[in-house]
Structures are given as C-alpha cells and as structure tokens.
Amino acid sequence: MSETDDSEPAPSRGGSSIWTRLALVVFLLPVVVVLFPTTVVLLPMMLPTIVAFTIDRAEGRPFTITVGLLNGAGTLPAVLGVWAEGHNLAVAQSALSEVLFWFIAYLCAAIGWTIYMVLPPILRQYYGSITDSRVDALRKEQDKLIEEWGEDVTGAAAVSDQAARGRSQGKKQDAQSRMDAAATDLSD
Amino acid sequence: MAEQADAQAQEQGQAGQQQGQQGQQRRQQGQGRQQQQSAGNTGRGGPHSHQLALGKNIRIDLTQRLPRLDRPNAAAYAASDARQPGEPRYALICDEEAPPRLSVLPALSRLETIPCVVPMDWDRVLWDDQGTRRLAIIQQQPSGAPISSDPTARMEPMREDRLVEKVIRPFYYALNELSSRMVTHRAITLDNIFVNEAAGGEYVLGDCVGAPAGTIQPAIFETISGAQADPIGRGPGGTSDDLYALGVLIAILVRGGDPMAGWSDSAIAAAKIEKGSYAALMGRQRISLKLMEPLRGLLCDEVQERWKLDDLEMWLNGRQLSPKQASLPPKARRAFEFKGEGYWNAKSLAHAMANNWRDAMSVLSGGEIEHWAGRSLPDQKHASRIVNAVMSSQQTGAAGGDRALARVLIALDPAAPIRLRGLGVKIESIPYALCLAYNNDRNRQRIVEMIVGRLPGHWLDMQPDGAADPPQPLAPFDRMSFYLERRSLGQGIERCLYQFNPDMPCISPFVYGQYVMTLEQLMASLERTAEKRIPDSPPWDHHVTAFIAARLDRLPDKVLQAIAKVDDPLTHHRAALHMLARVQRYYGPKNLPNMCEWVRPMAEKIIDSMHNRRTKERLHKMLSHAVETGSLVEVLAAVDDPEARREDKDGFERARQEYAQNLREMTWLESGGLTSDAHIARQTRNWATTISALLSGIVVMLTTVFYLS
C-alpha cells in the first residue's frame, strides 16, 4: 500500500539516461533509414501517443503506455498495407492518404485516451464502497471482541495480569495439586 | 544502625497502638466477662446454664465459685468427675488475656500421685449464648487452706522435723517428678501451698498451669535475676528456680513469716545482691546446722553451685554435705557514688541504675563508669567489657541512649535480665513477655525495642562461657527481629506472638472470646463469626494470618509473600484464599458455607480480573457451587485455576492484538487508504494499462486475421 503521489515529477534522468538515449538513437537511426516508408506512416499516425508522451509526467508513463498500446495497434493496418504494397515512399504516401487508416489509428488512440480519463471516478466509487463494507465488518469484529473480552481489550485500560508460570495442570487434577499449582502461580 | 533500629521500634510501637486499641476493647470485654464470672451466671451475656459439661463425665458447677483458687485471668469453680465422684475437682475458666501453660498440661495430666495440684482434663467450653468459649482446666481440688492468704502475716515457726517430713521431702518428690517431665512449677507462693491440718497436716503445691509461668510468684521466691525481672519477664525458668523457691519457702516457714513483707521487688533484689540470698532471708535467725545445709545450698545465688535435685535427695537420705558459703559479687577498690549512695560492686550499681533510669542516663553520658570500672573493679576482663560497652554507648549518641544504657547494664551485670526503661525481662522469657505485654503499649514497645535493638545478642555475647543456663541460641531472636522489622500481613509483632508462644490463642477481633488454640478451631470460629454477620473486611487480618503462618507448617513462603502484597489486590486475595483453603484441607472442618460466603466477594474479584466473558460466567457458576458445598478448596479451584488463567491471559493478549490490528486497518481505511488520490492514481495506472493491453491485443489479432484472410 505504498502511497506514492502520482503528481510528483518523474525521477530526473541523470548521466546514465543520456547514454541510454544516445544508444537508442544509435539503434533507431539505422532502423529509421532502412524502414523509412514505415517511419513516414508511423510518425503522423502515432501523433496522439507522442502528445501523450509529452504531457505524461507520471512514473512509468502509464498514460503514454495506455494510449500508445492502442494507438500502435490501430496503426498496424496502415503499416501492414505499406509492407504489403512494396514498402516505398509512394506506397507510404498512398497509405497516408487513406482515411480509414487514419480513422482506425486515431480511434484506437481515442479509446486509450478515454480509458485513462474515465477510470479514476469509477475506481474512486468502487473503492469507496469497498472501504465502507470493510469498516463495517471490522467494527462488528471489534464489538464482538469487546463483548467477549471486555472493554480492556481496546487497550485503553488493558491490564496484563501476572505472567503465568509453573507446570500445566489439567482440570481433573486433585485439590492438592491444584493448590500447589496455584501457589506456584502466585510466585511471580 | 541504632537510629534505624530506633525507627523500627518506633514504627512497631506506633503500629501497635492500633492493636493496642483493639486490645483495649478486648480488655474491656474481658473485664466485663470477669465481672460476669464473679457474679456467677446471672445477667445477660453470662453463662447460659448453671452447669457446663466438659466431655461426658466432667461437670462444672457455675453456682459454686472458689475464689481462693482463682488466678488473675482465670476464675475457679467447683467441678465433678462422674468417673471419680468422691474426688473433689475444680475448674479454672481461662480467657485469652494471659494464656495458661497449655504446653505443660499433657506432661502433668493425671499425675495424681505427687503432692501437687495437677490438671485432669481441659478443653474449651461453651460459655454463653453468644457463642463465647473459654478454656476450662479441670484439676484436683486441694483440700485444706493455704499456708497463708496474707503474705505479710506472721505465723508460727515450723518445727524442723515437721518441715523436713511435711514440706521438703514431699516437695522434693513433686519437683523431681515435674523435672523428669521437663516442667517447672514457678508458682510457689504461700497462698498456693495448701495444708490440710485435719488430714495430718499434708502440704500440697497448688496449681501451676492456670497462670503464665512466674507471673504469680512473688519476688522473694525468685532468684536475684528473677526478682530483677518484671513478673511478665520471669518466664518458666528451670528446676533450679523451683529449688530456690523451695529454699525461700523453707526460710519463711522456719522464721515464721516473710522477712521482706512489704518490700518492693527492687528492694528485695537489692538486699539479695548486697548480702546474698541466704543472709538476706535468714538475717540473724539461728537454725540447726542440719537445716542450714539445704538452705545455703538451695539459696545459693550462683546457679552452677546451687543445689540440684540430686543434692537434695542425698541430704534427705541422710548424707552430710558441707554448707555452701555465700558468694557475693567481687568488691571494687572504691565505691561508685550514684544518687548519694556508694556502690561497691558492678551488680549493685547496675541494679540501682536500672531502677533510676533517668539518673543513670546522665551518669552514663558523664563517663564516670568507664573510669570506675577500669580502675576499681578487680576482674580485668569484666572491667574491659564494661569500658567497651560504655565507649560504644558514647558513640551511639542520644538516639540510641536507652539501648546504650541497657547494653552497659548488661555489661555491668551479665547475669541480670535485660533491662530497658524500667522493664526487666529474662532473655529466655522475651517471647513469653511479648505475649503477656501485648495489650500494654508501654511494655510492648520496650520489648520490641529490646529485640530490634539486638539486646539479646549483646546479652549472650556478654555471658562468661557456659554461664547462660540453659544455653540460649541467638537464632530465635534474629528471627523475631526479622518479623518485627516487617509490618506486612503474616509478619510483624503478631507473628512473634504466635510463632514463639505455642500456648498463645488467636486474639483476632474476628475470633476473640472463642479461645482459639488450633487451626481447626480458628476455621470453625471464623465460620461462627460469619454465621452471625459477615464482617466488611476479609477474614485474614494480621492476627489470623500470623496465627496460620505460625501454626501451618505446610504454608509455602511464597504464599505469605503474596499475601503481603496488599497493593496488588489480585495477588493478595488469591494468596489469602490459598492460605485459607490449605488450612481447611489439612485441618477442616469440611463444611464452611458461611466462610465461603465471606470470601465470596474477594473470590469474585479474582474471577472478574479475568477477561473472557464466557470463562467468567463459567467460573462464577463454579464459585456458586463451591460456596454451596462450603469448601474453600473448591472456591480456590474455581477462582484460581492456573491453566484457565493462563489460557485467559493468552487469549486476551491475542484478542488485544487483533483489536489493535483492526483498529489500525479501520483508521487507515477511514483516513482514505483506498480512496486517496495516490491510490486511485496507482489503480488507474494498473487498470488503464491492463485494459489497453487487452484491447490492443484484440485489435492486433483482428488485423492479423483480416490480412491473412
């Protein structure tokens, strides 16, 4: 139940982050060059994800992931179309001019955006009701404990009686041994 | 150290004041009863019938008082025994103020052949309708009259042959029989020796058990140390004390009266010290050489040299023994001036100082004794002991002044009793004296101070080797001091009373008037008390607890220690119940319903100290059943089962932890544990990414299927 504040800025990226970015660029640059037609299609269609990325400051960028996953899935028909038609700039331009592809990509992104926006009030309602029922249950349990053990169980006036010592005695022991046990018990 | 002991003695004294008030009430009750006794059986609160039964055969006739046989705390009544109707008997009806010599009763029982009144039977008898019980001692009724009812009266001097045959020989026989049973008479007085002239002038020693030993024997019949002691501090003594008293009796009978009649005890002791007992008693009286032998032998002031029974027997059998010469205390080179008089020996000086306490205090602080002892006393060892005692007394300062003087007096006269502010007590009689002085605040405090101030130990240290007769161990006094230094239940002065005086009945206000001698009687008496009305306080006061602690061998120390914890009512009540249950178990009676009802509130408190409601309900039911059965053992079992207590404790601990855990969770929930922005944001992240992943997966799957088809 860690209570990390969502509003706090993402951890600052230090020197190691610069190297990571550099490595990413070094890796992506050849990919962009080789898959340039795909990149041309992806960039505009993934614009909602890019926007989400820029405004998402939460740790782990959940908003970006939510929008990005659906936006990416929605871009898949366009990318597959480019790959199926020969993977050149002309095909890429043709795909960019296809309204359906835009519609699918942006619809999926919108769904992701909506999910992220709608979930908090729903969850707040849900957890509110869970809280109420759990508190009721706990209160009943406490009442039961008080009924069985008295007010002292609340801890306000808890009296811890003498530490029990001595050997265990069964209920059927005779009077002598019971008295001996009681005497032993008195010694603390 | 001295200041500490002083404070303890003071504390004991103050604590005793409360008991003193109780004692006052008891004394008043006792006086009331005494008056009722004197008045016979008339009036409210008196005996419930004209006749009391003791066993099947003995009847006590309450209409027939025998004042001449009375004892200070015991009235005498005529009695009869159906088994021996011709033999006259009488009963001493004793109360608790000054207990008779119970421990010697079995030894003397039915010793009918000796010329001495001996007990035939004894037991408690129901005295009145209020349930008052007295101790009745049935004895042979002596025929004839006392030698003299008036100790100061003159009488016809007795002829020597008659004296030997009618007094010395029979009394030797009586004292020999008593001695063989380790018993002393200690009540040899002119009014306690009976002579029946009609039956040939037989002399018989009177009762020796009805009064505490030594308390009714006048100072003239006492040895020097006995005369220096107060009557309560003389004690049972030894056979040599009885033989000395016999010597005094012979002297009085020969002279035809008490030569010291009207003298104070102090003056009698002073005369005996100054001249020696023989010279002080006989003066210029001429007697035959034959009688001089036993007189000098029996009246010898040195215990080791005094005639013993064997010597007397030899003399009676006709053997000639050389008369003992009086051994006076060694004379100093110069006299010590005290209150205008010169004292030529340490013993006389100590006696004078003991009887003039304030003046003696100023003399002690002046340091004159030290110089006198060092320069004038012939015995250098004795002198150095005195000097050491004086020097140590000067170091103690004013706080320990009385005790310092007492120590110096012991050093001056080691054979004398321990004396403190006018009270003299022989060392072996200290426990006994404490018992007799219990209701006298002044004397009680002095005796307590003697013990707490370690005077018995000092007395023993000062004795020349083998001088103490009989040899006295120090351990009992250390034990008494241990008890006196503690004021808790089961300790204190009450414990000393019962622990060191087996004859002492329990004088708790709960059972006073019932003459409780045994633990069984104690429980039965408490039951009767509760039957009339259950008192507000628990049945274990200082006396009851101390009486049980002293008489019940099987009471573990830890129980007593727990009883003392009055600040912890639970432990205190548990331990006290445990003690009472033990007494009932070992001594009965089996059925004590009113006692159970009496302890019920305390038992309920013990149960209520537990936590589990169901356990408490169960135990309350068990307690009710135990109370109905009248068994304190069952009451204890109901309320103080260690296993149930342990289970309750463990269960309660678990419940408490559970409650605390629930409380923490409730607090967290109510403070927005699940509905806080942070939690909602976190859950949103989780849910949003999950739903997004699922939906994107579906989209990818549909797209793939579409293109493949």
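**Exercise 1. Decide how H6(A) and H27(B) run relative to each other in this predicted model.**

Step 1. Find the helices. H6 spans residues 99-149 of chain A, and H27 spans residues 642-670 of chain B.

Step 2. Take the geometry. The two axes come within 10 Å and cross at roughly 155 degrees.

Step 3. Apply the cut-off. Angles over 145 degrees count as roughly antiparallel. H6(A) and H27(B) are therefore roughly antiparallel to each other.

Step 4. Add the hand. H6(A) passes H27(B) in a left-handed crossing.

Step 5. List the residues that touch. H6(A) contributes A:Thr131, A:Arg134, A:Val135, A:Leu138, A:Arg139, A:Glu141, A:Gln142, A:Leu145 and A:Trp149. From H27(B), the residues include B:Phe652, B:Tyr659, B:Met666 and B:Leu669.

Step 6. Sort them by class. This contact of H6(A) with H27(B) has nine nonpolar, three polar and six charged residues.

**Exercise 2. Describe the side of chain B that touches chain A.**

Step 1. Count. On chain B, 62 residues are in contact with 62 residues of chain A.

Step 2. Name the elements. H22 (557-563), H23, H26 (632-639), H27 and H28 (677-708) of chain B each give two or more residues to this side.

Step 3. Pick out the main contributor. H28(B) supplies the largest share, 21 residues.

Step 4. Sort by class. The side of chain B that touches chain A has 28 nonpolar, 16 polar and 18 charged residues.

**Exercise 3. Work out the packing of H4(A) against H6(A).**

Step 1. Read the angle. H4 covers residues 62-85 of chain A. Its axis and that of H6(A) come within 8 Å and cross at roughly 165 degrees.

Step 2. Name the direction. That angle makes H4(A) roughly antiparallel to H6(A).

Step 3. Give the hand. The crossing of H4(A) and H6(A) is right-handed.

Step 4. Look at the contact. Among the H4(A) residues are A:Phe63, A:Val67, A:Leu70, A:Gly74 and A:Pro77. Among those of H6(A) are A:Phe101, A:Ile104, A:Leu107, A:Trp113 and A:Tyr116.

Step 5. Sort by class. The contact of H4(A) with H6(A) has 17 nonpolar, six polar and no charged residues.

**Exercise 4. Place the domains of chain B, then examine the packing of H3(B) with H5(B).**

Step 1. Set out the domains. The domain assignment gives domain 1 (51-140), domain 2 (145-316), domain 3 (505-640) and domain 4 (675-709).

Step 2. Check a spacing. The C-alpha centres of domain 2 and domain 3 of chain B lie 50 Å apart.

Step 3. Turn to the helices. H3 (residues 160-180) and H5 (residues 239-255) of chain B pack at an angle of about 170 degrees, with axes 11 Å apart. This makes H3(B) roughly antiparallel to H5(B).

Step 4. Inspect the contact. H3(B) brings B:Leu163, B:Val167, B:Ile168, B:Phe171, B:Leu175 and B:Ser179. They meet H5(B) residues that include B:Asp242, B:Leu246 and B:Ile250.

Step 5. Sort by class. The contact of H3(B) with H5(B) has ten nonpolar, two polar and one charged residues.

**Exercise 5. Trace the six-stranded sheet of chain B and find its edges.**

Step 1. Write the order. This open sheet runs E1-E2-E3-E4-E6-E5, with antiparallel pairing.

Step 2. Find the edges. E1 (51-54) and E5 of chain B each have a single partner strand, so one side of each is left without a neighbour in the sheet.

Step 3. Add the twist. From one strand to the next, the twist averages 35 degrees.

Step 4. Follow one edge. E1(B) pairs with E2 (residues 58-65) of chain B over four bridges, in the antiparallel sense. B:Gln51 stands opposite B:Asp61 in E2(B).

Step 5. Follow the other edge. Seven bridges join E5 (residues 119-126) to E6 (residues 133-140) of chain B. B:Pro119 has B:Gln139 in E6(B) as its bridge partner.

Step 6. Check the turn. The hairpin of E5(B) and E6(B) has six residues between the strands, and B:Gly131 takes a positive phi near 90 degrees there.

**Exercise 6. Spot two unusual backbone features.**

Step 1. Recall the norm. Most residues other than glycine have a negative phi, and most peptide bonds are trans.

Step 2. Look at A:Arg61. Its phi is positive, about 45 degrees, although this residue is not a glycine. A:Arg61 sits in the loop between H3 (47-55) and H4 of chain A.

Step 3. Look at B:Pro589. The peptide bond from B:Gly588 to B:Pro589 is cis, with omega near -10 degrees. B:Pro589 is in the loop between H23 (569-587) and H24 (593-608) of chain B.

Methods
Residues are numbered from 1 along each chain as its sequence is written. Chains are lettered from A and ligands numbered from 1 in the order in which they are written. This is a predicted model: local features need pLDDT of at least 70, side-chain atom pairs count only at pLDDT 80 or more; totals for chains, interfaces and linings use all residues. Domain bounds come from an automatic or database domain assignment. Axes are lines fitted to C-alpha atoms, for helices over the stretch in contact, and angles run from 0 to 180 degrees between N-to-C directions. Angles under 35 degrees count as roughly parallel, over 145 as roughly antiparallel, 65 to 115 as roughly perpendicular and the rest as oblique. A crossing is left-handed if the near helix is turned anticlockwise from the far one by less than a right angle, and right-handed if clockwise. Two residues are in contact if their C-beta atoms, placed from the backbone, lie within 7 Å. Ala, Val, Leu, Ile, Met, Phe, Trp, Tyr, Cys and Pro count as nonpolar, Asp, Glu, Lys and Arg as charged, and the others, Gly among them, as polar. Two strands pair if DSSP finds at least two bridges between them.
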